[in-house]
Amino acid sequence: MPRHLPNQIRRLPTLMRFGPGLILAGPLLSLCAYWLGGERGLVAGVLALSLLAVAASAVMPRHALGAPGGSTTRPRFLDDLDRFLLEGDADGLGTGCIVLQFDDTATLLDRHGRATQSEVIRRIGERIAGALRAGDAVLPLEGGGYAVALAPARRLDLETMVQITARLQAAASEPVAISGRRLLLTCSAGFCLGARLPRPSAAAVLDAAQVAADEALRNGPGALRAYAPGMARKRADRDARRAELETALDEGQIRAWFQPQVSADTGDLTGFEALARWHHPERGIVPPADFLPGIADSGLSERLSEVMLFNAFVALSRWDKAGVRVPTVGVNFSNDELRNPRLADKLKWELDRFDLTPDRLSVEVLETVITTGDADVAVRNISALARLGCRIDLDDFGTGHTSIVNIRRFAAHRLKIDRSFVSRIDEDRDQQRTVAAILSMAEQLGLDTLAEGVETRGEHALLAQLGCGHVQGFGIARPMPFEQTLDWIAAHAARPRLVWQAGASPKG
Ligand code: C2E
Ligand code: CA
Ligand code: CA
């Protein structure tokens with residue numbers, strides 16, 4: 001077909017392939033036109049039909065034209081897949097279903113907006129369709145991915161399925177050029193062969209491929225999984241766990257406990273860190289290590305940080321009302337949450353709602369947040385929080401690989417020196433040298449410091465002597481529910497002064 005013809009005309013053969021009704025109606029309508037209007041009627045009729053066909057091709061969804069099987073709706077896709085299963089069964093051929101899911105559409109959405117995101121996904125759909133054989137079917141999925149049903153074929157076994165799926169993933173992952181930019185979306189994929197299920201129906205095969213794709217997505221980016229029966233049970237378990245965690249968050253079973261932070265030198269209270277605890281109806285108090293992975297896995301990190309922030313702000317308001325001075329509360333943010341582009345706005349709104357100034361909140365950021373994943377988004381977010389006036393604490397400092405450049409980019413206010421450098425510091429020269437080096441670097445960079453996991457008076461004393469700003473740990477107090485904090489604050493204010501704070505030897 002000549003290249004200069006308009007697109008719609010060049011697509012006419014494709015349209016006809018998918019529009020047998022139109023092809024049948026054509027001669028019939030032309031005959032009627034000739035009968036009613038003679039030759040002129042015939043010419044006008046044919047012209048009108050052509051225009052209709054061109055207009056129809058313009059409004060028809062493009063993946064309906066591009067997809068070899070032309071499946072655009074779920075019922076049609078399921079009809080095709082059911083037919084493939086029947087035909088395959090009768091002729092001893094194999095068939096199967098593949099689900100491709102994009103690893104990270106959120107970043108594309110944040111950076112380029114919804115229209116660009118949709119366009120990239122649509123173009124990738126065309127590419128997937130183009131990489132298939134005529135007769136296969138493609139279904140755009142609601143979440144942005146695609147399902148593919150393979151027409152029955154000889155030797156469609158596990159190995160071939162892996163090859164086809166990998167080929168589709170590769171096609172999907174090629175950059176898409178839009179307005180001079182090259183945009184990338186990778187995808188994870190799962191598949192299920194019809195023969196893999198005891199009673200295969202189209203819905204069951206599609207569902208199984210979706211289960212495999214979900215499993216792949218959790219192991220992505222770019223992962224590929226074949227459906228295995230155990231996966232469905234695992235998904236059911238995960239769904240149940242997610243429902244339990246959601247209830248725990250909604251009903252206030254998961255809440256903040258507070259651990260004091262004090263000035264290493266004077267011992268005065270300088271803040272609290274909010275740490276999550278699950279008050280489980282049967283298991284009692286569950287520590288975060290036991291439920292944080294489930295929270296992250298279930299996509300509930302944002303919900304947890306909302307709960308923790310709410311608890312922290314309520315606590316600050318109550319301390320203020322009780323007339324006790326608690327300068328800041330530290331809240332831990334997961335790496336996922338720090339990539340949430342709405343974080344700064346959300347925090348500002350919440351602070352305003354509680355009538356608290358931003359400096360009352362210390363955002364605890366793990367050092368690893370800038371060494372893993374898409375660091376740019378997180379760094380921009382953290383800088384926005386710093387500009388808002390929140391304090392930024394670099395948590396578990398010393399365990400990651402932060403460069404000095406990153407600390408500056410980060411706009412951090414304080415380094416939280418990890419417990420591993422603090423334990424037995426009063427007895428271990430190496431520990432002393434390491435912490436002394438961190439403290440002098442912090443001083444050069446104008447950063448405050450806090451030592452975590454201080455368990456003994458000896459450790460506290462030595463840290464004070466080395467010039468560490470603040471200390472936190474079991475040696476000062478364990479994390480406690482809010483209800484106990486007022487009593488602790490009162491008792492702490494009335495404490496006798498410690499020997500080294502009076503200038504005596506730290507070893508006392
Ligand atoms: P982290 O932020 O480093 O918190 C300090 C952990 O050390 C806390 O454990 C605290 O109870 C414990 N700790 C404090 N002083 C001492 C001490 O003197 N000796 C020893 N051995 N341990 C001490 P926890 O509460 O079990 O929290 C563990 C981790 O879970 C936290 O480490 C933090 O990474 C994470 N986490 C806790 N709450 C949240 C939360 O609300 N959101 C997120 N994203 N993570 C949280
Ligand atoms: Ca922390
Ligand atoms: Ca820490």
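**The shell around ligand 1 and the setting of P140**

In this predicted model, β9 gives the largest share of the shell around ligand 1, namely four residues.

Student: Which elements each supply at least two residues of the shell around ligand 1?

Tutor: The shell comprises 21 residues, and the closest of them are Q259, A276, R277, E455 and F474. Among the contributors, β9 provides four residues, which is the largest share. The elements that each supply at least two residues are β9 (269-280), α10 (288-297), α11 (301-321) and β13 (391-397).

Student: How do the residues of that shell divide into nonpolar, polar and charged?

Tutor: The count runs over the 21 residues that surround ligand 1. By class, the shell holds seven charged residues and five polar ones, and the nonpolar residues number nine.

Student: How much of the area that ligand 1 exposes when taken alone does the protein bury?

Tutor: Polar side-chain atoms of N332 and of D395 each lie 3.1 Å from an oxygen atom of ligand 1, while for E273 a side-chain N or O atom is 3.2 Å from a ligand oxygen. Taken alone, ligand 1 exposes 800 Å², and the part of this that the protein buries is 80%.

Student: Is P140 buried or exposed, or does it fall in between?

Tutor: P140 belongs to strand β2, which spans residues 137-140, and its C-alpha is 9.3 Å from that of I121, a residue 19 positions away in sequence. Buried means under 20% relative accessible area and exposed means over 50%. Because its relative accessible area is 26%, P140 is partly exposed.

Note on methods. Residues numbered from 1 in each chain as written. Chains lettered and ligands numbered in written order. Predicted model: local features only at pLDDT ≥ 70, side-chain atom pairs only at ≥ 80, totals over all residues. Heavy atoms only, no water. Buried < 20%, exposed > 50% of the residue type's maximum accessible area, 1.4 Å probe, protein only. Near = heavy atom within 4 Å. Polar contact = N/O pair within 3.5 Å; in protein donor to acceptor, adjacent residues only side chain to side chain. Areas by Shrake-Rupley, 256 points an atom, 1.4 Å probe, with all protein chains shown as cover. Nonpolar A, V, L, I, M, F, W, Y, C, P; charged D, E, K, R; others polar.
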